[in-house]
Amino acid sequence: MGEIVMELKNITKTFPGVTALNNVSFVLEKGQIHALMGENGAGKSTFIKVITGVHKADAGEILLDGRPITFSNPNEAKAKGIAAIYQHATNYPDLNVTENIFMGHEKISPKTKRILWKEMHDEAKGILRSLGSAINPKQEMGTLSVAQQQIVEIAKAISTNARIIIMDEPTAALTTRESEELYRIAEKLRDQGTAIIFISHRFEDMYRLASKVTVLRDANYIGCWAVDDITNKNLIIAMVGREINQIFPKKEHTIGEEVFRVENLRKIGYFADISFSLHKGEILGLTGLVGAGRTELCETLAGIEKYDNGFIYLHGQKEKFKNPKDAMQKGVGYLPEDRQKSGLILQWGIGRNITLPTLENYSTKGWLNEKRESLKAKEIAEKLHVKALSVFDLVSSLSGGNQQKISVAKLLTTDLDVIILDEPTKGVDIGAKAAIYKIINELANEGYSVILVSSEMPEVIGLSDRVAVMREGRLVKIIDAHEVSQESILAAAMGEVQPGGEDVCQPI
Amino acid sequence: MSTNMIDSTLPVNVEKKESKLAKIGQFREIGLLAFIIMLMIAVQMRNSSFLTIENMTDMMTNTAILLILAVGMMLVLVTRGIDLSIGATLALSGMVVAQFVSNHPQTSPLVAILMGIGIGIVCGLVIGGLVSFLGVLPIIATLAMMNIYRGMTYMVSDGKWISSYQMPENFVGIATSKILGINSLVVIVIIVYIVAFYFIGHTRTGRQIYAVGSNPESAKVTGVSEKKIFLLVYTVMGGLAGLSGVLWVSKFASAQGDTATGFELSVIAACILGGVSIAGGAGKLSGVILGAMLIGILNNALPLLNVSPFWQKGIEGCIILAAILLNVMVKRGVEQNNLLRRRV
Amino acid sequence: MKKFLMLLVMSALFLSILAGCTQGNTSGTTKNTDTEKAEKEDVNGEPLKHAFIFKNTGNPYGEKMMQGFEEAIKESGGEAILRAPDQPTAEAQIQIIEQLITQKVDSITLSGNDPDALQPALKKAMDSGIKVLSTDSAVNAKSRTTHVNQADPEAIGRIQIEAISEMIGGKGQIAVLSATSQATNQNLWIEYMQKELEKDEYKGLELVKIAYGDDLRDKSVSETEALLKTYPDLKGIIAPTTVGIAAAGKVLTDKNLAGKVALTGLGLPSEMASYIENGVCPWMYLWNPIDVGYAAGYTAVELVNGEITGEVGDKFEAGRTGEKVVVEDGDGTQIMLGEPFKFDKGNIAEWKEVY
Amino acid sequence: MTSKIEESYVHRRLEAHRPLTAKHVFLQWEWLLVLIFVGVLVMNTMLSPYFLNITSLRDATMVFLDKSFIVFPMAFIMIMKEIDISVGSTVALSSVGMATAYNVFGLPMEAAIVVCLVVGALCGLFNGFLITKFPELSAVIVTLATMILYRGIAYIILEDQASGNFPEWFGFFGWGYVYGVPFILIVFVGIAIAFGLLLHKTTFGRKVFAIGHNDVTSKFSGVNVKKTKLIVYTLAGLMAAVTAVFLASRMGSTRPNIANAYELDVIAMAALGGISTAGGKGRLIGTVIAIFIVGYLQYGLGLINIPSQTLMIVIGALLLFAVVVPKIKDLRKS
C-alpha cells in the first residue's frame, strides 16, 4: 500500500433539483493509476470538478496529504499540483505548443517581466521528449493531430508540476496505436510517482492501465476494487446496476420492408465504409465510443454534411440530399445531439420551434397563417405531453426533458420515413427518459424507421431491434437483437472480435 | 482498411489530394515578399527612378503613419474586433496638438507627442469601455465614435486650419529631422515596432491578446480577462492613432478638420494583406509590415507608372478581396490536409 | 468599476451633445440687432434673410468667404445664414437648400459641389421666389441668376503661366498639380493655361503632366514626389489649388529644392507663408476670399432689392469693393472681381494673419 | 436542472392564443421611439417657426427618405446577425450604371432604370455569394472589400465626371407629387409595408428571425440558410439601386462619389429602430419611426441652421444611445 496523496470523504454535491454526488468517497495513492467508471450522468464530471476546484462540495471533506483542504477556484487546485486533461482539448489553435503548455503560468523574468522563451521552449522540449514525443514546441497547436494535442495537454499538466493528473476520456478520439502511446506515457508518469485518475468508457484502458477502479452510479459511490479482483461482468453490473428493461416499453412494432440503405459511405477524415440497411418500423441502435464518428455520420445521412464516396438509397431509389430540407422532404429527419445549440431556438416559444421545419404547411404562397400554425403546434405538443401553459411559452423556460420533447415534436410535423435521433436522452433525468423512450417506441409502432444514436448501453439494448457499433470512423459490427448484450457491444466498440455477430467490416 | 477495396466497389471515387495552397500558406509571408519584389522590379522597369535611395526614403516616410496604425489595428483584429474610428481620432489629436503648439511655440516636440498620445488614449478608452463593459459590437461602437470624434474635430478647429507658419520649427521638425541619418518618422516607426515586438511576443499581456482571439472560451478557463484585453487593445489603438495625429500634422505642416478621412480602410487593408486573420488569434508583425509596405508601394508606384487615378480604388479593392479569399482557401487547405492525415 | 465607467461614458456623451448645441447657437446664425438699417425689411417686418452655402465645413477658405458675406449682409441690415455640409457632396447641399426654402430665405448664395446636380433643387428655390447666385465654384447657368466670379479665369490661367515662365527663365519642363479632375474651376483654369502655352513666347515651356492630388494632403505629397522622380528635369510646378500648393511647398522644402524647382499657383497666404518666406514659392496668387464673399453678399442684397436682375449690363455699388458690372458668361451672366492678388515675400507677412 | 415531478405530470391542454399582457403592449422599444419622435417634433416646433406646417413636414420627407429604402433590407441583415457596409458604394455603382446605359449606350431611360436595379441587385448578390460561399469570413470584411471595389468600378467607368442629361420626366421621382403627396413618400410607404409584411407575415421573414437567433438550429431544421442570406443581400442591393434612382433624380445627374458613407446613416437608423445588433430581434415599425426621428431631427436642426459638425455628433450619440440603453438594462438584470 502506497502513500495516500488524496482522499475524499463522503462528498455530497447537489444542484437545484438534482443530487450530482451523494456521499462519495475516494482514495488515491502515490504512483497509482486509478480508474473512475460509470455511465453518463453517474456523476463523474461533477466529481472531477469538485477535485479541481470548479465546484465546491456541499458536504464531506477533501484531504490532501492527510490535511483537509478546500479550493475556492481552479487556480488554487492547480497550485496544489492538481491538473485535469479534458476530453475536448482546451487549447489555442493559433499559438505554438510551448505557449499552450505554459499558458497561465509562463516563465517570466522576475525583474523585467519578460517572457523567457528560450527557457520555456527548452523545458517544453524536455517535457515532450520525456513523454517520448518528437513534437516541435515551436509548432502551431492547430496543426497537430488530436493525439498530439492530447500529449501537449499532458505536457501542460506536467509543466505545472502536477502530482495528481486527471484524464477525462483521453483515448476517446484516439486510434489504437495512438492510445498505446498514451498508455506508455501514463505508465511512465505513474512510475515517476504521479497519481493519475483515469476516466474512460473503454474497459481496455482500465485493464491495461489501472490498478484500482472506483465505480459511480446515479451519483452514488458503488465500490472500489482492485482491477485484478473484479470480473468484467461484475464491473458492468456495478456500473449499470438496475434491471435494464424496467423503464423500457414493451416492443410491439413489426418490422416491414427495407426503407433506407447506405452503401460504402465515406467522408474523408470522419468515417469510411459505412454500409447498413433499415426497415420499416425498425429501431436501429447506433453506438460506439465518443469520437467514433457517429454524429458526423448522422449529419451526413440527414443531408447536413456532404460525403465523399458511397451511396444512400431511400425506398430502393438512389438519393443524394442537397440539404437538410431536401432530406426532410424526401423523408429523413434528424434530431441533433445538442438540442440547445442546434436543436432549438431557445428565445422562441414552443409553437414557433415546432413549426420551423414545416413553415410551408401553414402558409399559402408564403403567407403565414399563424392561427393554423399554433393550432398544429398545440396538437403535436399535447400529443407528446409537453408540460407548459401555452404554445407561446419560451423554450428556454422549459426543463431539459420538455425541451427534448419539443425537438422530437419538430420531426413529427412532417411526413418522415426515417428518423435519426442523436443522443435523445442526453442530460435529461430518469423520468423524462422514460417518457422519451415511450415516444420512440410509439414512433416505431406507427411505422417510422428509427436510427437511435446513444452512448448509453441500456438505452441501446432496451430499445433497439439491432445494434450497429462504430469504432474509429468505421461500422465494425451489426448485432441482432437476440445477441445484443453489453459485452458484445463493448467488445465491438473497443476492437475485440467476439463470436456471435456478423462481421461487417474488419478493423484496420 | 485497404483503399483497393473501395476502388473496386466504387465506380465514382473522388480521391482528395493534399492541398498545395496550404503548403504555400506556411510560407505566406515569403509569398507576399516575393510578390512585393516582383512588383518592385516591374515598376523599376517602367520607371527607373523607382529604386533610388531617395524614392525609397520618400516611400518609407509616406508609409510610416500607416505602419504605426497597422500595429494597433492588428491587435484589435486579433481580438476579433475592428476599429473604424482611427481616422477621426487621428484628426482630433492632430488638431488639438497643433492648436496647442501654435499657442505655445516653446512646447517641446516630446511634450507634443505625449499630448497627442494622451488624447488618443482617452478616445480609445471610451471605445474600449463601450466594447468591453457594455458589450457594444466593435463596428457599431467605432462607427458612432468616428462620427463623434470627427464632429468634435471640426468643432475644436472652428473651421480653421493650422498652417505651417503657425507651427514652431521644432514641431514641424518632428517629421523632417533626422536621427543618426535616418528620418525621425522612420525612427519612430522602428521604436514602435520594437516595443510592439517585445510587448506582443515577450510579455504575458501581449500573449493574452492572442489567447483571447484564438479561443475566448479557453482563455476564460485559464483566467484571462477578456474585458481587460478589449479595453487594452482599443486604448493602444487610440494611443497610436493619437501619436499618428501629431506625426501627420507635423509631416504635412497643416492641421485640417478633414484630416485622414477614410484612412482606416487603408490600415485595415494593410493588416488583411499582411495575413492578420479577421477571425482572430493570428497576425504577425512581419506580415503587417509587408502588408503596409505593399499599400505604400502601390501608393508610390501608381503615380510613377502613370496609372489613371480612377483605377486606383478599383485595383485596391481587387487586391484586398483577392487577399482575403486566398487566406480562406489556404486555411481550408490546411484543414483538409489535417483531415487527410487522420486516414479515416 | 463597471458603473463608474458607464457613468463616465454616458456623461462624456451628454457633455459632447451639450457642447455641440451651445456651439451651434453661437456660430450658426448671426442675427443683426442693428436697427439703423430698418428699412431693409420684408413685408412682415422681419429682416431679410440671406443664406450662404459653402462646399464643406472646416475649410478656412470658406470660413473667410462666409466672413465677408456676413459683413456685407450686416451692412445692408439683413440676416446672414451660413451653412456648410460635413462632406463636400451635392446631395448634402440639396438637403440644406430644402431647409432654406422652408425657412423662406430671400436669397441663396452658394459655392457648388457639382455644377449640374444642384439644378433641380435650385430651380425649386427660384420658383418659390428665392434669388439664387453662385460664387467661387459655379453652378450651371440654368440654376442661378448670376455668378460672382472671384477672378477672370482667363486671367488666372494667363498670370500663372507668366509667373512660372518668369521664375524658370522661359525654358524647361513644367507640371500642373490640380485638385480633383472634375473640379470645374481648376479645369477651366488649366484649359486657359494650355491656351496660353500655345503662344510663341512660351515655346520653351513644356507641360509634361497634369497630376491630381484630390485635395488630400497625403495624395498631393505622393503625386508631387512622383512628378519630381518621373521628370528629373522638372523646372516648375503650378498648383492652382490651396491644398495642392501647400503640399508641394512642403515637399520642395523638405527636399531642399528651393531655387531648383519653382512653385506657384493659387494658395492661402497663411498656408503658404512659410514657403514664400523660404523661397520655395517666389510668389503666388489668390483673390481675397473675404472680398469675394463680401461682393457676393452685396450682389445678393441688390438682387433681392430688385436693384439688379442679373441681366448683362446691370451695374451696382458693392460697398468697399466698388462698382460692379454684370457681364456675359456662356449661357448665363457673371460678375468679375478683377485680377487675382499677388503674394510675395514683401507682403506675405501682413496677409498670413488675415486668411 | 430538471425536476422529478415531471414523471407524474398530468396531461394538460395548452393555450394556443397569445395572452395579451400589459408587458406586451406597453413595455416595447417602439413606444420609447414614439416618445422620442414626439419630443423631436415638439422641440423642432419650439425652435423653428417654419417647422410645423404641412408643406414643411411634407417636403422634409423628400429630403431624408432617399436612403431610407436601404434601412429595411439592412434591418433584415442585422436581424441575421450580419452587416453590409457596401450599400453606399452600391448606390454609386448602380446610379453610374444607369447613367452609362442612358448616355453611353443610348438606352431609353426606362431601360436605364432597369439596368440600375439590375446592377444594384447584382452587387448585393455578389456580396451574398461571397458571404455564403466563405462562411468563415465575417460580413464586415467581405462588404468592406466590396465597398472599395464597387466604388472603384464606379470611378473606373465615370472617372470622376458627372453624367446626367436625363429626360425631364425622370425628375418626377425625386421631386414629383401625386395629389399633393411626394412621390417618394408614396413609394416609401409601399416598400415599408412590403418589407413589414415580408418580415412579420411570411415564412421568409420567420426564417430570417430563426437564422438570427441560431443559424445552426435553422440549418438543422431545414431552413435554407444560404438561400435566405443570398436573397436578403440581393434585396439590400436592389434597395440601394432604388435609392440610386431617387438620388439621381433629385440631382439630375450622378457621379461616382455620391452616397458616400450612407451605410453609417442606414445602420444608425436600423439600430435606433430597435434592430438588435446581436441578431434575432427587431420590428420594422421601429425602423420606420427611427427613419422619421433621424430625418426630422436633421431637418429641424437644419432649419435653425445648426452647424453640420454638431449634427454629426448628435447622430453618433443617438446611435450609441440606441445600442447602449438595452445593454444597460441587461447589465442590471445580471
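A residue is called buried here if 20 or more other C-beta atoms lie within 10 Å of its own, exposed if 12 or fewer do, and partly exposed in between. By that rule, 52% of the 508 residues of chain A count as buried. The structure is a predicted model, and the values below are computed from it.

Chain A is a convenient place to start. Its secondary structure consists of 17 helices and 23 strands. The radius of gyration of chain A is 25 Å, close to the 23 Å that the globule rule gives for 508 residues, so the chain is as compact as a globular protein of that length. The C-alpha trace of chain A spans about 75 × 50 × 50 Å along its principal axes. Contacts within the chain often link distant parts of the sequence: among those between residues at least 6 apart, 68% join residues at least 24 apart.

The domain assignment divides chain A into domain 1 (4–244), domain 2 (245–331 + 416–503) and domain 3 (351–413). Domain 2 is thus written as two stretches of sequence, 245–331 and 416–503. Between the C-alpha centres of domain 1 and domain 3 of chain A the distance is 43 Å.

One strand of chain A can be followed in detail. Strand E20 covers residues 449–453 of chain A, and five of its five residues are buried. Ser449(A), Ile451(A) and Val453(A) point one way from E20(A), while Val450(A) and Leu452(A) point the other way; all are buried. Which strands pair with E20(A)? Strand E13 (residues 283–288) of chain A does so in the parallel sense, over four bridges. Strand E19 (residues 418–422) of chain A also pairs with E20(A) in the parallel sense, over five bridges. Strands of a sheet pair through backbone hydrogen bonds, either parallel or antiparallel. At the level of single residues, Val450(A) in E20(A) is the bridge partner of Ile283(A), and Ile451(A) in E20(A) is the bridge partner of Ile420(A).

Val450(A) and Leu452(A) appear again in the largest nonpolar core, which has 497 residues. Together with Ala70(B), Cys271(B) and Met74(D), these two touch the most other members of that core. Helix H12 (residues 226–252) of chain B gives the most to the core, with 16 residues. In soluble globular proteins, nonpolar side chains tend to be buried together. Leaving aside residues up to four places away in sequence, Met74(D) touches Asp84(D), Val87(D), Ala236(D), Val266(D), Ile267(D) and Ala270(D).

Chain C offers a sheet to trace. Four strands of chain C form an open sheet in the order E8-E7-E9-E10, with parallel pairing. Its edge strands are E8 (205–212) and E10 (262–265) of chain C, each of which pairs on one side only. Neighbouring strands of the sheet are turned against each other by 25° on average, with direction ignored. Strand E9 (residues 234–239) of chain C is joined to E10(C) by four bridges, and the two run parallel. Within this pairing, Thr264(C) in E10(C) is the bridge partner of Ile238(C).

Two helices of chain C pack on this sheet. Helix H6 (residues 184–197) touches strand E7 (172–178), E8 and E9 of chain C, and the direction of the helix makes about 165° with that of E8(C). Helix H8 (residues 242–254) touches E7, E9 and E10 of chain C, and its direction makes about 165° with that of E10(C).

A few single residues in chains B and D complete the tour. Arg80(B) has a phi near 70°, a positive value in a residue other than glycine. This residue is in the loop between helix H4 (53–78) and helix H5 (86–103) of chain B. Is Arg80(B) buried, partly exposed or exposed? Arg80(B) counts as partly exposed because it has 18 C-beta neighbours inside 10 Å.

Ala259(D) is likewise a residue other than glycine with a positive phi, near 55°. Its place is in the loop between strand E4 (253–254) and helix H13 (262–272) of chain D. Ala259(D) has 31 C-beta neighbours inside 10 Å and therefore counts as buried.

Leu301(D) lies in helix H14 (residues 284–303) of chain D. With 25 other C-beta atoms within 10 Å, Leu301(D) is buried. Leu301(D) touches Ile306(D) and Leu311(D), not counting residues up to four places away in sequence. The C-alpha atoms of Leu301(D) and Lys281(D), 20 residues apart along the chain, are separated by 31 Å.

Definitions and conventions:
Residues are numbered from 1 along each chain as its sequence is written. Chains are lettered from A and ligands numbered from 1 in the order in which they are written. This is a predicted model: local features need pLDDT of at least 70, side-chain atom pairs count only at pLDDT 80 or more; totals for chains, interfaces and linings use all residues. Domain bounds come from an automatic or database domain assignment. Two strands pair if DSSP finds at least two bridges between them. Two residues are in contact if their C-beta atoms, placed from the backbone, lie within 7 Å. Axes are lines fitted to C-alpha atoms, for helices over the stretch in contact, and angles run from 0 to 180 degrees between N-to-C directions. The radius of gyration is taken over C-alpha atoms; the globule rule is 2.2 Å times the number of residues to the power 0.38. A nonpolar core is a set of buried Ala, Val, Leu, Ile, Met, Phe, Trp, Tyr and Cys residues joined through C-beta atoms within 7 Å.
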